[in-house]
Amino acid sequence: MTETPFRSLKLVPKAESPQSAKDFKTDQEVRWCPGCGDYAILAAVQAFMPELGIRRENTVFVSGIGCSSRFPYYMNTYGMHSIHGRAPAIATGLATSRTDLSVWVVTGDGDALSIGGNHLIHALRRNVNLKILLFNNRIYGLTKGQYSPTSELGKITKSTPMGSLDAPFNPLSLAIGAEAGFVARTIDSDRKHLQSVLRAAAEHEGTAFVEIYQNCNIFNDGAFEVLKDASTAERALIRLEHGQPIRFADQGVFRDPASGTLFTAEVTAANEGEVLVHDAHAADPATAFALSRLADAHTLDHTPIGVLRSVERPVYDSLMADQLAAAVDRSGPGELAALLAGSDTWTVD
């Protein structure tokens with residue numbers, strides 16, 4: 001069975017004339033809380049989509065439930081505001097049955113990692129040709145401020161007045177553990193970086209998982225301020241670039257030769273040659289997983305952003321198409337009526 005991807009962006013019909021960000025804006029009033037990070041993400045996506053050169057009629061945004069899930073209303077493409085947590089499942093059916101479409105999933109940390117957790121990990125392990133954008137604000141915003149699956153331990157919210165007892169999910173670690181071929185993280189307010197990650201995700205064959213740190217200024221304001229404030233970001237943020245030493249400020253990322261674990265330390269003339277060089281295309285996910293664990297869940301020190309992993313895997317769409325083609329070659333085109341009235345049916349008087 002061939003491992004060549006069946007559908008890629010190159011096979012999706014191209015627009016006949018250049019498009020602009022205005023073409024991807026709808027006439028709907030954008031309704032998020034003033035100052036919400038979702039505005040920045042929406043503007044970045046609308047400005048980025050024309051780069052793909054794909055017709056709006058061949059682009060689909062599928063969302064679940066949550067603040068982020070209002071996204072399809074504001075994208076002048078086809079779209080569906082679907083069921084809580086089920087966006088990956090619905091998008092899977094769409095992507096595998098309509099190979100002429102570029103399918104994007106927009107979800108949040110509550111939608112994707114709570115009720116939708118099972119759908120998310122199976123879409124990732126199957127490697128369906130989807131682009132999944134997970135907006136992570138570490139809180140339930142739409143339902144007014146309860147703790148979410150990514151809220152830090154001890155988080156005080158309306159539903160955890162004495163502090164959360166739940167250990168939070170690390171979305172990147174979860175995605176890598178589910179065998180995702182493309183895993184990345186970016187930040188809502190860093191438009192240049194956000195669009196560079198979107199570009200890499202769009203070019204990837206199979207499932208691309210992008211976590212976007214998104215500020216909820218009403219119920220969890222400043223959750224990622226340490227990564228945005230110039231006075232702290234230099235030492236807290238690690239910008240990953242494939243093929244480059246992983247350095248930030250005067251620090252670097254090193255590998256312990258005895259245990260294989262990663263750690264950060266000051267870069268000196270003596271150890272400069274030992275700084276870990278980032279390899280996003282490494283087949284073994286161990287280093288990418290270790291990078292996803294560098295950040296401190298409370299302080300956010302040593303938070304990597306960028307593409308952690310980008311490797312080629314057989315794409316589900318292609319494998320399914322191969323099976324269907326083989327079945328037709330062996331037995332000829334199927335007939336639905338014959339299938340429904342097959343040998344395992346009977347009539348009850």
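This passage describes the overall dimensions, nonpolar cores, a helix packing and a small sheet of a predicted model. Residues are numbered from 1 along each chain as its sequence is written. In this predicted model, local features need pLDDT of at least 70 and side-chain atom pairs count only at pLDDT 80 or more, whereas totals for chains, interfaces and linings use all residues; side-chain values use heavy atoms, with hydrogens and water left out.

The protein contains 12 helices and 11 strands (DSSP runs of H or I with at least four residues, and of E with at least two, numbered from the N terminus). The radius of gyration, taken over C-alpha atoms, is 22 Å, close to the 20 Å given by the globule rule for 349 residues, so the protein is as compact as a globular protein of that length; the rule is 2.2 Å times the number of residues to the power 0.38. Along the principal axes, the C-alpha atoms fill a box of roughly 75 × 50 × 45 Å. Buried residues (under 20% relative accessible area with a 1.4 Å probe, protein chains only) account for 47% of the 349 residues. Of the contacts (heavy atoms within 4.5 Å) between residues at least 6 apart in sequence, 69% join residues at least 24 apart.

The largest nonpolar core (buried Ala, Val, Leu, Ile, Met, Phe, Trp, Tyr and Cys residues joined through side-chain atoms within 4.5 Å) has 35 residues, of which Leu124, Leu130, Phe209 and Val253 touch the most other members. Elements giving two or more residues to this core include strand E1 (59-63), helix H3 (87-97), helix H5 (117-126) and helix H10 (286-292). Apart from this core lies another, of 32 residues, among them Leu42, Met75, Val210 and Ile212. Not counting residues up to four places away in sequence, Phe209 touches residues including Leu120, Leu124, Ile132, Leu134 and Phe182.

Helices H3 and H5 pack at an angle of about 35°, with their axes 7 Å apart; axes are lines fitted to C-alpha atoms over the stretch in contact, and angles run from 0 to 180 degrees between N-to-C directions. Pro88, Ala89 and Thr92 of H3 and His119, Leu120 and Ala123 of H5 make the contact. By class, this contact has 4 nonpolar, 2 polar and no charged residues.

An open sheet of 3 strands follows the order E8-E9-E10 with antiparallel pairing, where pairing requires at least two DSSP bridges between two strands. Strand E8 (247-248) and strand E10 (262-266) form the edges, each pairing on one side only. E8 and strand E9 (residues 251-255) are joined over 2 bridges, and Phe248 has Gln251 in E9 as its bridge partner.

Technical notes. Buried means under 20% relative accessible area, exposed over 50%, partly exposed in between (1.4 Å probe, protein chains only). Ala, Val, Leu, Ile, Met, Phe, Trp, Tyr, Cys and Pro count as nonpolar, Asp, Glu, Lys and Arg as charged, and the others, Gly among them, as polar.
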